[in-house]
Amino acid sequence: MTEHRRKNIRARKKRRKKRILRWVLLLLVLVPCLTAGGIALHYYMNPIELKDTVIRHELMEPFDPWENVKELYFAEKDDVDIQSAADIEKLGSYTVTYTCRDHEYQATVRVEDTTPPTLKLKPYTTDLVEDITPEKFVEEASDLTEVTVRFKNPAAWESEDTHSAGTYNVEVAAVDTSGNETVQTATLTREEDTHAPVVQGVANVEVLQGRTVDFEEGITVTDNMDPDPQFSVNSDSVDFATPGTYEVIYTTKDRSGNEGTTVCKVTVRKDRDYNRKVVYLTFDDGPSAHTDKILEILDKYNARATFFVTGNNQKHNDVLRRIVDQGSVVALHTYTHNYAEVYASEEAYFADLQKISDMVEEATGVKSKLIRFPGGSSNTVSAEYCPGLMTKLTQAVQDKGYQYFDWNCDSTDASGNNIPVDTIIDNATSSTAQHINILMHDTDAKGTTVEALPDIIEYYRDQGYAFEALTVDSYGAHHSVNN
């Protein structure tokens with residue numbers, strides 16, 4: 001081989017090495033660039049990296065879906081839309097969706113309860129008889145979910161003789177709906193019960209002949225161990241129709257067998273109107289120019305009546321004393337007879353009542369305890385000013401020693417002025433009750449009422465009725481209260 005040829009071969013080899021070296025250098029430059037670009041493209045196409053696809057979250061604890069975002073790539077928070085259906089107040093699984101550059105990522109939120117209930121127990125003392133439940137020992141059992149309590153080892157508990165006197169340790173467990181459990185220990189003390197139940201509210205009673213008494217009203221029975229002792233009342237010996245003194249026997253018994261008796265005396269007082277047919281003539285809204293005429297008619301027939309007066313016509317107050325002197329009664333209607341004022345409140349009613357009471361006492365020397373409510377106890381107009389007022393007043397007036405009177409026969413003379421005499425007579429004589437309380441009115445505009453009065457008295461007298469004035473013990477003809 002010639003030297004020239006050898007030189008050519010060496011030159012070609014040298015050029016080949018240079019080409020290879022250039023390619024190697026090119027690859028060394030291109031490969032990192034391509035790799036970095038690929039990685040950048042990958043993260044651009046996957047801008048969100050989540051910490052977990054399943055998020056375990058405690059019930060009722062605040063939830064922030066951003067806390068599950070591990071990293072954002074080529075994105076800011078404003079680029080991300082988060083839609084969460086998680087309800088931290090309810091156990092269950094919920095979906096959270098993260099969206100960025102049209103790419104969606106989802107995670108499941110599992111709302112769990114891993115916190116055991118709060119349980120606080122108390123010692124319990126009882127007799128030798130009561131069957132014990134775990135609730136007896138619980139002072140507090142609370143959790144975010146429903147809690148049930150049970151004996152921790154019911155079989156062991158039931159196997160012991162725990163109905164003997166002594167003190168026992170009791171394990172009570174509180175369990176929530178997720179199965180979390182808290183166990184505490186309390187003590188049960190059994191004691192022999194030797195005390196009979198106690199009756200409270202029993203008092204000697206006086207009742208008017210023909211009236212009745214509910215002997216259980218206002219009575220309470222308590223026992224040191226038994227929350228529901230037996231209780232009975234024997235009032236068989238009481239004869240409400242016959243005046244005399246009788247005994248009512250209250251008998252109690254607890255679950256341990258302790259018995260007790262309490263006795264009260266019942267005095268039935270004679271009622272002059274018992275078994276008598278009585279008409280109570282009542283006149284509202286006086287006195288008036290007609291009061292003297294009414295009294296003349298009453299005197300002629302030896303009849304008595306009741307006048308429910310107001311303070312609106314005091315120029316005739318001199319007749320109030322004549323009413324009393326003649327054997328009739330002055331009673332209390334209201335001072336103003338203004339519904340808006342009288343029925344504004346319970347306080348307003350009694351303030352008005354005091355004024356009319358003072359007026360009557362000053363004019364007659366007699367302190368009256370007889371009341372008629374404007375519109376009667378059944379009125380509904382009072383509800384416009386004070387809802388529920390009549391329910392309160394009907395009880396309150398009696399608690400203060402008053403008695404209120406409605407009516408069971410209406411003459412209808414309040415339906416207008418100068419109602420025809422025959423109409424008033426027909427309506428006022430329509431009752432056949434044993435005790436009749438007739439509503440009439442004594443005002444300057446009720447002249448026909450005065451004209452009708454003699455026929456009304458004569459009709460009932462022919463039927464054997466007596467005419468009496470009301471007393472606190474008289475038949476009240478109470479209406480149903482509508483407010």
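**Exercise 1.** In this predicted model, decide whether Asp-273 is buried or exposed, and find which residue forms a salt bridge with Asp-273.

*Solution.*
Step 1. The relative accessible area of Asp-273 is 3%.
Step 2. Buried means under 20%, so Asp-273 is buried.
Step 3. The salt-bridge partner of Asp-273 is Arg-276, and the closest N and O atoms are 2.7 Å apart.
Step 4. Arg-276 has a relative accessible area of 26%, and this residue therefore counts as partly exposed.

**Exercise 2.** Arg-276 also forms a salt bridge with Glu-468. State which parts of the chain this pair ties together, and classify Glu-468 by accessibility.

*Solution.*
Step 1. Between Glu-468 and Arg-276, the closest N and O atoms are 3.1 Å apart.
Step 2. Arg-276 sits in the loop between β18 and β19 (278-286), while Glu-468 sits in the segment after β26 (466-467).
Step 3. The pair therefore ties together parts that are 192 residues apart in sequence.
Step 4. The relative accessibility of Glu-468 is 13%, so Glu-468 counts as buried.

**Exercise 3.** Describe the salt bridge between Arg-269 and Glu-206, and say how accessible each residue is.

*Solution.*
Step 1. Side chains of opposite charge can pair when their charged atoms come close.
Step 2. For Arg-269 and Glu-206, the closest N and O atoms are 3.3 Å apart.
Step 3. Arg-269 belongs to strand β18 (residues 259-269) and Glu-206 to strand β14 (residues 205-208), so the salt bridge ties together parts that are 63 residues apart in sequence.
Step 4. Arg-269 is partly exposed at 31% relative accessible area, whereas Glu-206 is exposed at 56%.

**Exercise 4.** How many salt bridges are found in the whole structure, and which residues are linked in a network of salt bridges with Asp-127?

*Solution.*
Step 1. The search of the whole structure gives 21 salt bridges.
Step 2. Asp-127 is linked in a network with Glu-130, Lys-136, Asp-226 and Arg-255.

**Exercise 5.** Give the strand order of the open sheet of four strands, name the strands at its edges, and describe how β5 and β6 pair.

*Solution.*
Step 1. The order is β2-β6-β5-β4, and the pairing is mixed.
Step 2. β2 (54-58) and β4 (81-84) each have a single partner strand, so they stand at the edges, and one side of each is left without a neighbour in the sheet.
Step 3. From one strand to the next, the twist averages 25 degrees.
Step 4. Strand β5 (residues 92-100) pairs with strand β6 (residues 103-112) in the antiparallel sense, over nine bridges.
Step 5. Tyr-94 has Val-109 in β6 as its bridge partner.

Notes:
Residues are numbered from 1 along each chain as its sequence is written. This is a predicted model: local features need pLDDT of at least 70, side-chain atom pairs count only at pLDDT 80 or more; totals for chains, interfaces and linings use all residues. Side-chain values use heavy atoms; hydrogens and water are left out. A salt bridge is a side-chain nitrogen of Lys or Arg within 4 Å of a carboxyl oxygen of Asp or Glu. Helices (H or I, at least four residues) and strands (E, at least two) are DSSP runs, numbered from the N terminus. Buried means under 20% relative accessible area, exposed over 50%, partly exposed in between (1.4 Å probe, protein chains only). Two strands pair if DSSP finds at least two bridges between them. Axes are lines fitted to C-alpha atoms, for helices over the stretch in contact, and angles run from 0 to 180 degrees between N-to-C directions.
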